[in-house]
Amino acid sequence: GARDIGTGDDPSLKLSVIVTTAITGGTSLGLILAGAPDNGSGAPGSYTTMWQSPAVVVEANLLAGTQLANIDVPRPAPGQVLPRYLRLSFVSVGTHSAGAVQANIVIDRDDQVLATTGAYSGYPAGITVAN
């Protein structure tokens, strides 16, 4: 029993991965989203890569609030069996000493760009914009 999870629909399900605690140490960090069919016993079969992020090579860029992934859940890769299971993996270079991320599949996500001040749209905290 395959289910339609909205892949290709508008809106479709989204993969949202956000750094919640700054990631320190290490050299770079990337992500891989893979899917696998049921192996017939209710467990995952062989995983096939469906999406891979570019590596974030400057650890100073991995601050709390940084979006590591903000993509639509991709369609199965050509020739891939319809996946029942999805797995998100890290591609880590070096030894990371601290940090945490939150990964979710959501129907909508917050795509507002944060300025270097950490405020939305580049406005510093406390600014009132008259309409």
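**View 1. Arg87 sits over the face of Tyr47 in this predicted model.** The distance from Arg87 to the centre of the Tyr47 ring comes out at 3.9 Å. If you're hunting for rings paired with other rings, you won't find them here: the structure has zero aromatic pairs.

**View 2. Ser53 is tucked into a loop between two strands.** Strand 3 (48-52) comes before this loop and strand 4 (67-72) follows it. Is Ser53 buried or exposed? Its relative accessible area is 11%, so Ser53 counts as buried, the cut-off being under 20%.

**View 3. Here's the company that Ser53 keeps.** Leaving aside residues up to four places away in sequence, Ser53 touches Gly30, Leu31 and Leu68. With Leu31 there is also a polar pairing to look at: a polar atom of the Ser53 side chain lies 2.8 Å from the backbone nitrogen of Leu31. Leu68, another residue touched by Ser53, falls within strand 4 (67-72).

**View 4. Zooming back out, the protein chain is built with six strands and zero helices.** Walk along from the N terminus and the elements read β-β-β-β-β-β. Take the contacts with a separation of 6 or more: 75% of them join residues 24 or more positions apart. The chain has 131 residues, and 24% of them count as buried. As for the outside, the accessible surface is about 8300 Å², with carbon and sulfur atoms making up 54% of that.

How values were computed. Residues are numbered from 1 along each chain as its sequence is written. This is a predicted model: local features need pLDDT of at least 70, side-chain atom pairs count only at pLDDT 80 or more; totals for chains, interfaces and linings use all residues. Side-chain values use heavy atoms; hydrogens and water are left out. Helices (H or I, at least four residues) and strands (E, at least two) are DSSP runs, numbered from the N terminus. Buried means under 20% relative accessible area, exposed over 50%, partly exposed in between (1.4 Å probe, protein chains only). Contact means heavy atoms within 4.5 Å. Accessible areas come from the Shrake-Rupley method with a 1.4 Å probe; for residues, only the protein chains shown count as cover. Rings of Phe, Tyr and Trp (its six-membered ring) pair if their centres lie within 6.5 Å; planes under 30 degrees apart count as stacked, over 60 as edge-to-face and the rest as tilted. A charge sits over a ring if NZ of Lys or CZ of Arg is within 6 Å of the ring centre and within 35 degrees of the ring normal. A polar contact is a pair of N or O atoms within 3.5 Å; within protein, one must be able to donate a hydrogen and the other to accept it, and residues adjacent in sequence count only if both atoms are side-chain atoms.
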